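Please look through the sequence and the model below with two topics in mind, the salt bridges and the sheet. The notes that follow take them in that order.

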Amino acid sequence: MKFLLEYWYLILTAVVSGGLLLWPMVSRSGGAHRVNAAEAVRLINREKAVLIDVSEPAEYAAGHAKQARNIPFGSLEGNKALPTNKGVPLVVMCPTGARANRAVATLRKLGYEQTTALIGGLAAWREAQLPVEKSAA
């Protein structure tokens, strides 16, 4: 007990340090699940995940991942382009990845539990040298 009272600052340091080590694991489980480009490709190839691009139509036309379905973020609810089977894995992307995280939350509320966001969005997709195409506006 004397040790605890004399060296309280060491114990506090150990507790804070342990908390900081555990924080990434705890925060990741509560928020949107996210994957990098390589993991997204694995999901698409092995688990037949559907790639959803939540960009606006003009952004989508300027450049998008090959075979991505364009479903703008504002029209996710009730969109007919979403898979009818809610058990199908979805990988959601946008130009930067910010909108994709919000889209994942929306899709999970709609019942699509296997939904993940692409970290870094289209920029990360291009950086990984994965196929990108443009379409008519």
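In this predicted model, glutamate 6 and lysine 2 form a salt bridge in which the closest N and O atoms are 3.7 Å apart. Both residues belong to helix α1 (residues 2–6), where they are 4 residues apart, about one turn of the helix. Lysine 2 is exposed, with a relative accessible area of 61%, whereas glutamate 6 is partly exposed at 41%.

**Other salt bridges**

- A search of the whole structure finds 4 salt bridges, and one of them joins the side chains of arginine 42 and glutamate 47 at 3.2 Å, N to O.
- Arginine 42 is partly exposed, with a relative accessible area of 28%, and glutamate 47 is also partly exposed, with a value of 34%.
- Arginine 99 forms a salt bridge with glutamate 59, with 2.9 Å between the closest N and O atoms; this pair links distant parts of the chain, since arginine 99 lies in helix α5 and glutamate 59 in helix α4 (residues 57–62), 40 residues apart.
- Glu39, Arg42 and Glu47 are joined into one network by salt bridges that share partners.

**The sheet and its helix**

- An open sheet is formed by 5 strands in the order β1-β6-β5-β2-β4, with parallel pairing; β1 (34–35) and β4 (69–70) stand at the edges with a single partner strand each, so one side of each is left without a neighbour in the sheet.
- Strands β2 (residues 50–53) and β5 (residues 90–93) run parallel and are joined by 4 bridges, and leucine 90 in β5 is the bridge partner of valine 50.
- Helix α5 (residues 98–109) packs on the sheet, where it touches β1, β5 and β6 (115–118), and its direction makes about 175° with that of β6.

Note on methods:
Residues numbered from 1 in each chain as written. Predicted model: local features only at pLDDT ≥ 70, side-chain atom pairs only at ≥ 80, totals over all residues. Heavy atoms only, no water. Pairing = 2+ DSSP bridges. Helix = DSSP H or I, 4+ residues; strand = E, 2+ residues; numbered from the N terminus. Contact = heavy atoms within 4.5 Å. Axes fitted to C-alpha atoms, helices over the stretch in contact; angles between N-to-C directions. Buried < 20%, exposed > 50% of the residue type's maximum accessible area, 1.4 Å probe, protein only.
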